[in-house]
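Reader: I should be grateful for a close look at one part of this structure, the open sheet, together with a brief account of the surface and the cysteines.

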Amino acid sequence: MDIIIHVDILRKKPLQKCKIMAKDLIDIVKVELIQLKKVVPGSKITEFTDERLKDQVQSICLSEVESSREKLLDAEASTQDTKPSELSTDQLLFQCHVYDLDASGPSVGTITTSGEGGSSEERPAFNHWILPSADFDSLWDNLIYDCNIKEKLLNYAETTMFFSEHKLDPNIITWNRLVLLHGPPGTGKTSLCKAIAQKLTIRLNYKFRHGELIEINSHSLFSKFFSESGQLVMHMFDKIKEHLEDSKALIFVLIDEVESLTMSRQNVCGNEPSDAIRVVNAILTQIDQLKRYPNVLLLTTSNITGAMDCAFMDRADIKQYIGPPSKYGIYSIYKTCIDELFRAGMILSSDMHKLLPISVIRSHVFNGEGDDCTKRLLEISQDSVGLSGRALRKIPFLAYAHYIRSRVVELKDFLDGLEIAVELYRKEDSHQTNS
C-alpha cells in the first residue's frame, strides 16, 4: 500500500492567463512531483519545470503524511543515499488540494446591547474571516510542537465532519464538535485554532465552497445590566446560526479564554441565580443547539481549566494540553527564525547548511561531534527551556535590537547575540515575577 502525502496547491492571484480547472491542475502537479523522484514531507516547492505551473501556481506544500510509523521507517531505510526525511515518489500516493487565498482580512460583527436611558447600541462582538485567508497562510507550518498535536487535532476535526456526513445517530455515538486547548499563556493555543480552521478548509474544499472563522470577543458578552449577559450570549449565537444556514460554508467558532464564560456554577455563592450562572447556562444551551448543524466546529482555549464548569468540560470531545516546548521544539523554532533571517539577507554564512534539521538531530545519524553551529544552537535551546513560544519568537528580534550592531551578520555572531538575549530575557522575567 502506498504512503499517502497531502499536497496543498496554492494558486496565483490574479492569474495571468485563463485559469486551469482544479482537477486538471492536480494532474499536472502530480506529474511534476513524480519527476522529482524524491520529496521531503513538510517542504514547499516554488520553482517548477512545467510552464503551466509557473503561470498558475504560487507554491506547492507537501503536508501531512498518512502512514504507520513502521512503514515510514521502512521507506526511509530503503533510500540510504538520501537524507532520512526524503521519500521516493514511487512509494507515494498524492492527495492534492487546490485553493485560493482570500485577502480581504477580518470584518467586525456586532450585537445589540442596552444603552443609557433604555436605548440600544451596537457592540463589536466578533471578528469574521473568509477562509482560506491570507492572514493565516504560513501559520500551520510555523507552529512547532514536540509531538504530533497538529495532526491529532486535524484528524479529530476531519472525523467530526465524516461522522456528520454519514448522519450517525448522536444518541448512540456522541460527539459535540467541541475542542478545548488549555495550557499556560503564550503557547500558541489561539494560533493553533486558527491554523486548524485554515487547514481543514483546504482539506475539505471538495465538500464546502469556503470556510468562515468567527472569533468571539468574550468580554463583549458581559453587560452591566442584570440578566442581560445571558441574552447577549443568545444574540451572539443567533448571529452564528445565520452563517450556518449556508450548508456549503464550513464554519469555525473560536472562543478565546473560554473560562470567562464557563466558570464553575458550584463556585457561585448565594441562592439567587447570578448573571454568571445565566451566561454558563446560555453557553451550554447554545452548544447543544449547534449539534444540529453538520458544518460547524467549536474551538476554545483556556489558560485556567480548574475553575471551569464541569458540564462544559464534559461536552469537549478533545481536551488537549498545550505546554511550553522542549529543547528540541525550541531548536526548531529558533531554526525557522534563522532561516527567515537568512532568506531576507540579514544572516550571511557559509555555515548555514551545517544547521541541521531536528529530524536528523533526533536520529542516530547525529552524534554531536562537529557541526559547531548546531551544537551551539542546541545549547541555547536548552537554556531557553521554560520560555513560551511567544517569547521564543520575540528573542531573535531582541538579539538584533540590543546586541547586534551590524544589520548583516554571520551566523556565529547572531548566535552570540541570541545567547545574550536569552540570558537577559530570563533575568528580566524573574525580576517581574518577584516584584
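Author: The account below begins with the sheet and then turns to the surface and the cysteines. The model is a predicted one.

Four strands make up the open sheet, and their order is β3-β4-β1-β6. The pairing within this sheet is mixed. Its edge strands are β3, covering residues 44-45, and β6, covering residues 92-99. Each of these two strands pairs on one side only. Strand β1 spans residues 3-11 and pairs with β6 in the parallel sense, over eight bridges. At the level of single residues, Ile9 stands opposite Val98, which belongs to β6.

On the surface, Leu168, Ile172 and Ile173 together make a nonpolar patch of about 280 Å². One of these residues, Ile172, lies in the loop that runs between α5 (149-165) and β9 (178-182). Ile172 counts as exposed because its relative accessibility is 68%, and the cut-off for that class is over 50%.

The cysteines remain to be described. A disulfide is a covalent bond that joins the sulfur atoms of two cysteines. A search of the whole structure finds zero disulfides. Cys18 has a relative accessible area of 67% and is therefore exposed. Cys310 is likewise classed as exposed, because its relative accessible area is 55%.

Notes. Residues numbered from 1 in each chain as written. Predicted model: local features only at pLDDT ≥ 70, side-chain atom pairs only at ≥ 80, totals over all residues. Heavy atoms only, no water. Disulfide = S-S within 2.5 Å. Buried < 20%, exposed > 50% of the residue type's maximum accessible area, 1.4 Å probe, protein only. Patch = residues over 30% accessible without salt bridge, like charges linked within 9 Å, V, L, I, M, F, W, Y side chains within 5 Å. Areas by Shrake-Rupley, 256 points an atom, 1.4 Å probe, with all protein chains shown as cover. Salt bridge = Lys/Arg side-chain N within 4 Å of Asp/Glu carboxyl O. Pairing = 2+ DSSP bridges.
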